[in-house]
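Colleague: I am new to this structure. Please take a close look at a single part of it, after a few words on the whole.

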Amino acid sequence: MTANIYSTSNPDQPKRLIRKPEVRQKTGLCNAHLYALIAKGNFPSQIKLVKGGRASAWLESEVDEWIDQRVKASRANNPVSKDTVTA
């Protein structure tokens with residue numbers, strides 16, 4: 001299940017909420033590792049969808065930003081030279 005909310009700064013730009021199965025699919029993380037990263041402050045926290053309820057979701061843009069940061073960090077640690085790439 002996904003839902004759209006709108007930015008207060010730009011009402012025309014929807015923000016997409018994604019549930020845990022989609023977060024896991026996008027990141028490749030298991031439940032335990034996902035929640036361990038959240039507890040350490042190394043992954044975006046989920047948002048409660050209903051006050052006092054159990055349902056929660058993540059902002060897709062925050063998850064995508066986390067993925068982009070991981071890619072940049074990985075590439076910075078393992079630069080690939082054009083000379084070393086073979087087809």
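**Two helices in contact**

Modeller: About 6700 Å² of the chain is exposed, with carbon and sulfur atoms supplying 50% of it (Shrake-Rupley method, 1.4 Å probe). The model is predicted: local features need pLDDT of at least 70 and side-chain atom pairs count only at pLDDT 80 or more, while totals for chains, interfaces and linings use all residues. Residues are numbered from 1 along each chain as its sequence is written, and side-chain values use heavy atoms, leaving out hydrogens and water.

The chain has three helices and four strands (DSSP runs: H or I of at least four residues, E of at least two). Their order from the N terminus is β-β-α-α-β-β-α. Of the 87 residues in the chain, 21% are buried (under 20% relative accessible area; exposed is over 50%, partly exposed in between; 1.4 Å probe, protein chains only).

The part to look at is the pairing of helix H1, residues 20–27, with helix H3, residues 60–77. Their axes, lines fitted to C-alpha atoms over the stretch in contact, come within 11 Å and cross at roughly 20°. H1 and H3 are therefore roughly parallel to each other (an angle under 35 degrees). Glu22, Val23, Lys26 and Thr27 of H1 make the contact with Glu60, Val63, Asp64, Trp66 and Ile67 of H3 (heavy atoms within 4.5 Å).

Asp64 belongs to helix H3. This residue counts as partly exposed because its relative accessibility is 28%. In sequence, 37 residues separate Asp64 from Thr27; in space, the two are 8.9 Å apart, C-alpha to C-alpha.

Terms used. Axes are lines fitted to C-alpha atoms, for helices over the stretch in contact, and angles run from 0 to 180 degrees between N-to-C directions. Angles under 35 degrees count as roughly parallel, over 145 as roughly antiparallel, 65 to 115 as roughly perpendicular and the rest as oblique.
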